[in-house]
Amino acid sequence: MDVSVLYTNIPHEEGVLACKKNLSLNGFSQPFISDFTAITEFILTHNHFEFNGQHYLRTCGTAMGTKMAPSYAVIFKAYLEYANEGGVMLDVDYQAE
């Protein structure tokens, strides 16, 4: 996966799973994780845009301008790195700029 275009290529199902695992590892409650997951899924599945007068629905990834995109991409990248090393997703300390 090319990280230079990561935002627009994160599969929704895997991205949401990475977020769930990260929240769980960081001690968030199950009700919070459920609410966060529902909000994340809503954002990802209602990402409409217009180009050359045509309307489109993004079915993979997130828009570059979405406020959640930087954190979402960092969490997903950490998830991939640890999964590829045969380990589990570790506690990731990150800050969106």
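In the predicted model, L57 lies in strand β2, which covers residues 54-57. L57 is partly exposed, because its relative accessibility is 42%. Beyond its neighbours within four places in sequence, L57 contacts T45, H46, N47 and H48. One of these residues, H46, is 11 residues away from L57 in sequence. In space, the C-alpha atoms of L57 and H46 are 7.1 Å apart.

H12 belongs to helix α1, which spans residues 12-25. At a relative accessible area of 16%, H12 is buried, since buried means under 20%. Residues up to four places away in sequence aside, H12 touches L44, T45, R58, T59, C60, G61 and Y72. T45 is thus a contact of H12 and also a contact of L57. L44 and T45 fall within helix α2, residues 30-45. Y72 takes part in the contact between α1 and α3.

Helix α3 contains 16 residues. From its first C-alpha to its last, α3 reaches 22 Å. This span is close to the 22 Å expected at 1.5 Å a residue. Buried residues of α3 are A69, S71, Y72, A73, I75, F76, A78, Y79 and L80. Their cover includes α1 and α2.

The axes of α1 and α3 come within 9 Å of each other. They cross at roughly 85 degrees. The two helices are therefore roughly perpendicular, because angles of 65 to 115 degrees count as such. On the α1 side, the contact is made by H12, E14, G15, V16, L17, A18, C19, K21 and N22. On the α3 side, Y72, I75, F76 and Y79 take part. The residues of this contact divide into 8 nonpolar, 3 polar and 2 charged. Y72, I75, F76 and Y79 are also among the buried residues of α3.

The structure holds 1 salt bridge. K77 pairs with E81, and their closest N and O atoms are 3.5 Å apart. Both residues sit in helix α3, residues 69-84. K77 and E81 are separated by about one helical turn, because they are 4 residues apart in that helix. K77 is partly exposed, with a relative accessibility of 28%. E81 is likewise partly exposed, with a relative accessible area of 37%. Helix α3 thus carries this salt bridge as well as residues that meet α1.

How values were computed. Residues are numbered from 1 along each chain as its sequence is written. This is a predicted model: local features need pLDDT of at least 70, side-chain atom pairs count only at pLDDT 80 or more; totals for chains, interfaces and linings use all residues. Side-chain values use heavy atoms; hydrogens and water are left out. Buried means under 20% relative accessible area, exposed over 50%, partly exposed in between (1.4 Å probe, protein chains only). Contact means heavy atoms within 4.5 Å. A salt bridge is a side-chain nitrogen of Lys or Arg within 4 Å of a carboxyl oxygen of Asp or Glu. The expected span of a helix is 1.5 Å times one less than its number of residues. Axes are lines fitted to C-alpha atoms, for helices over the stretch in contact, and angles run from 0 to 180 degrees between N-to-C directions. Angles under 35 degrees count as roughly parallel, over 145 as roughly antiparallel, 65 to 115 as roughly perpendicular and the rest as oblique. Ala, Val, Leu, Ile, Met, Phe, Trp, Tyr, Cys and Pro count as nonpolar, Asp, Glu, Lys and Arg as charged, and the others, Gly among them, as polar.
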